[in-house]
Amino acid sequence: MSKKFNTHTTVKILFDHPTVMFDCIEQMDEQSEIFIRESQFISRLKRYLKITPKEQQQRLRVAFKTENLFQCQIIADVSSVEGDRQLIFQDEVISLFRLCKASLHQELTDSRLRSHLESLRSVKQRLDDLAVFDEQDFNHTEIKDDLLKQLSDIYGLLRKNISSMEKMNQELEDMTAQASRQQSDFSDYRQQMFERVSHIYERRIKPTLSFLNETIRLNDGANLFSIIDDCITIMDNRGQADTAHQIFLFSMSLTNIAKPINRLSDEVERFLKKTRQGILESNAMEAAYQALLNSHQQTQTENMARKYMEKDWAKQTKFVMGLKQQNRPRTYRLGHSTSYIANFHNEVALRLDDLKLFKLLLPEQGQAKKQGSSKQRMVRAGRIYSLLSNMIFRDTNDFTVMMHYRIKPHFDDYQFTDLLTAIFHLSHQYKKDNAGFKLVTTNKKQHIQYRDEAYIYRIQRLELMEGHGE
């Protein structure tokens with residue numbers, strides 16, 4: 001009689017060396033089968049024994065032997081098909097190994113979720129039909145325990161898959177990084193990546209979100225939370241407050257589980273949208289390039305009438321139509337010339353002088369509003385005139401915008417009417433011969449945006465008159 005181990009020892013050995021079972025489960029998932037052929041199982045065991053110390057090899061051979069696994073009830077059934085034996089492991093054993101490795105967690109497909117939902121509906125219907133609610137009644141106890149077991153299974157199933165779903169963000173980043181390093185067949189790889197993520201979204205994320213949606217309406221019956229609410233009501237109405245509270249706690253837990261899945265769904269949707277847009281743009285550019293290449297090849301013949309490419313390509317793609325009419329983008333950066341730096345320092349000095357002047361001339365008092373009385377408007381205009389009379393000016397190509405930025409900081413309730421008051425006052429001053437400056441109005445128009453208002457004006461230049469120094 002061959003040597004064998006008991007169940008406890010065998011299970012301990014299997015979990016001390018889980019690689020063999022991990023490989024077998026991965027293969028069963030890839031082939032969508034609930035069994036593995038004995039020849040494949042032995043092949044994986046031999047491959048693992050090559051990297052195992054010699055003193056442990058005999059112990060592993062005994063533990064992983066088919067007869068030992070069957071005797072310990074780790075293998076549920078052994079059947080012969082076409083000269084090879086098929087090994088079917090106990091569901092509990094497979095579930096424990098899946099629990100130890102997140103990548104082996106089974107997908108929560110729509111069919112699996114609906115199966116659990118149907119079971120829960122059946123329990124709720126039996127609970128509703130129950131005539132006697134008595135702790136001494138076996139029917140009542142069995143149905144109540146079955147209900148709590150169903151809710152516990154659903155919660156555990158969803159919770160077990162949360163960890164694998166939350167790691168999907170990192171998987172998306174890894175796939176994107178790998179796509180950027182792909183030198184050849186980039187388009188094919190990106191298409192495969194898009195299809196893979198779409199499959200994950202449609203098969204795992206979307207069904208789970210629908211299952212946990214409190215407002216969804218199903219054609220075949222009530223949704224998950226409607227069933228739970230009905231069960232809570234039944235238990236409350238029949239004096240089972242403790243059981244109703246337990247069911248309510250399951251409801252809260254299931255609601256909290258939906259939050260990380262919603263966040264993951266948003267991330268995957270953005271990823272798919274961005275990838276799909278990239279694929280469309282890449283396909284459009286590739287099609288345009290092939291058309292351009294074909295048009296160029298036609299010019300390589302000896303026919304001198306085909307020296308130039310046809311204009312149809314440009315008209316169809318619309319990539320270059322009107323390109324010459326586009327203005328070169330302006331660059332906004334600090335200059336390095338002596339005159340630019342001098343003007344910059346001059347502008348800063350003038351702003352500082354304005355600030356000192358404003359503090360000296362305008363003591364704290366009530367601010368006049370735009371819709372105030374004529375007396376208040378006169379007081380406000382007087383404050384503006386006092387400020388302007390002590391300001392220092394220089395040549396500028398846009399007198400209006402210069403006045404706007406010099407007056408605005410000194411009035412908390414600044415309005416365009418203040419700017420018009422200042423411009424009107426100074427334009428009368430500069431008409432005098434001894435003013436030293438003159439205003440030159442051009443036909444060019446410009447506008448200033450301030451808060452919700454805009455002021456359109458003709459550009460005026462402030463120029464120093466000949467014979468006057470700064």
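Is Thr-442 buried or exposed? The legends below take up that residue and several other spots in a predicted model.

**Figure 1. Thr-442 sits in strand β4 and is buried.** The strand itself covers residues 437-450. To answer the opening question, Thr-442 has a relative accessible area of 15%, and buried means under 20%, so this residue counts as buried. Look for two places that its side chain reaches. One is the backbone oxygen of Ile-459, at 2.8 Å. The other is the backbone nitrogen of Lys-444, at 3.4 Å. If you set aside the neighbours within four places in sequence, Thr-442 is in contact with Arg-458, Ile-459 and Arg-461. Ile-459 therefore turns up twice in this view, as a contact of buried Thr-442 and as the owner of that backbone oxygen.

**Figure 2. Phe-15 and Phe-97 form a stacked aromatic pair.** The count for this model comes to eight aromatic pairs. In the pair formed by Phe-15 and Phe-97, the ring centres are 4.2 Å apart, with 5 degrees between the planes. Phe-15 belongs to helix α1 (residues 7-16) and Phe-97 to helix α6 (residues 91-100), so the pair ties together parts that lie 82 residues apart in sequence. How do the two partners compare in cover? Phe-97 is buried, with a relative accessible area of 0%, while Phe-15 is partly exposed at 29%.

**Figure 3. Phe-416 and Tyr-455 make a tilted pair.** Here the ring centres lie 5.8 Å apart and the planes meet at 40 degrees, which is why the pair is called tilted. Phe-416 comes from helix α17 (residues 416-430) and Tyr-455 from strand β5 (residues 453-464), so you are seeing a link between distant parts of the chain, 39 residues apart. Phe-416 is buried, at 9% relative accessible area. Tyr-455, at 21%, counts as partly exposed. Both rings also belong to a cluster linked by ring pairs, made up of Tyr-414, Phe-416, Tyr-450, Tyr-455 and Tyr-457.

**Figure 4. Helix α16 is mostly covered.** How many of the nine residues in this helix are buried? Seven of them are, along a stretch that runs from residue 399 to residue 407. You can pick them out one by one: Phe-399, Thr-400, Met-402, Met-403, His-404, Arg-406 and Ile-407.

**Figure 5. Phe-248, Leu-249 and Met-252 make a nonpolar patch on the surface.** The patch has an area of about 270 Å². Find Met-252 in helix α12, which runs over residues 241-297. With a relative accessible area of 40%, Met-252 is partly exposed. A residue needs over 30% relative accessible area to be part of a patch, so Met-252 passes that cut-off at 40%.

**Figure 6. The whole protein chain has 17 helices and five strands.** Use this wider view to place the close-ups. The chain has 470 residues, and 35% of them count as buried. Its accessible surface comes to about 30900 Å², and carbon and sulfur atoms account for 50% of that surface. Now think about contacts between residues at least 6 apart in sequence: 65% of these join residues at least 24 apart.

Terms used:
Residues numbered from 1 in each chain as written. Predicted model: local features only at pLDDT ≥ 70, side-chain atom pairs only at ≥ 80, totals over all residues. Heavy atoms only, no water. Patch = residues over 30% accessible without salt bridge, like charges linked within 9 Å, V, L, I, M, F, W, Y side chains within 5 Å. Areas by Shrake-Rupley, 256 points an atom, 1.4 Å probe, with all protein chains shown as cover. Salt bridge = Lys/Arg side-chain N within 4 Å of Asp/Glu carboxyl O. Helix = DSSP H or I, 4+ residues; strand = E, 2+ residues; numbered from the N terminus. Buried < 20%, exposed > 50% of the residue type's maximum accessible area, 1.4 Å probe, protein only. Contact = heavy atoms within 4.5 Å. Polar contact = N/O pair within 3.5 Å; in protein donor to acceptor, adjacent residues only side chain to side chain. Phe/Tyr/Trp six-rings, centres within 6.5 Å; stacked < 30°, edge-to-face > 60°.
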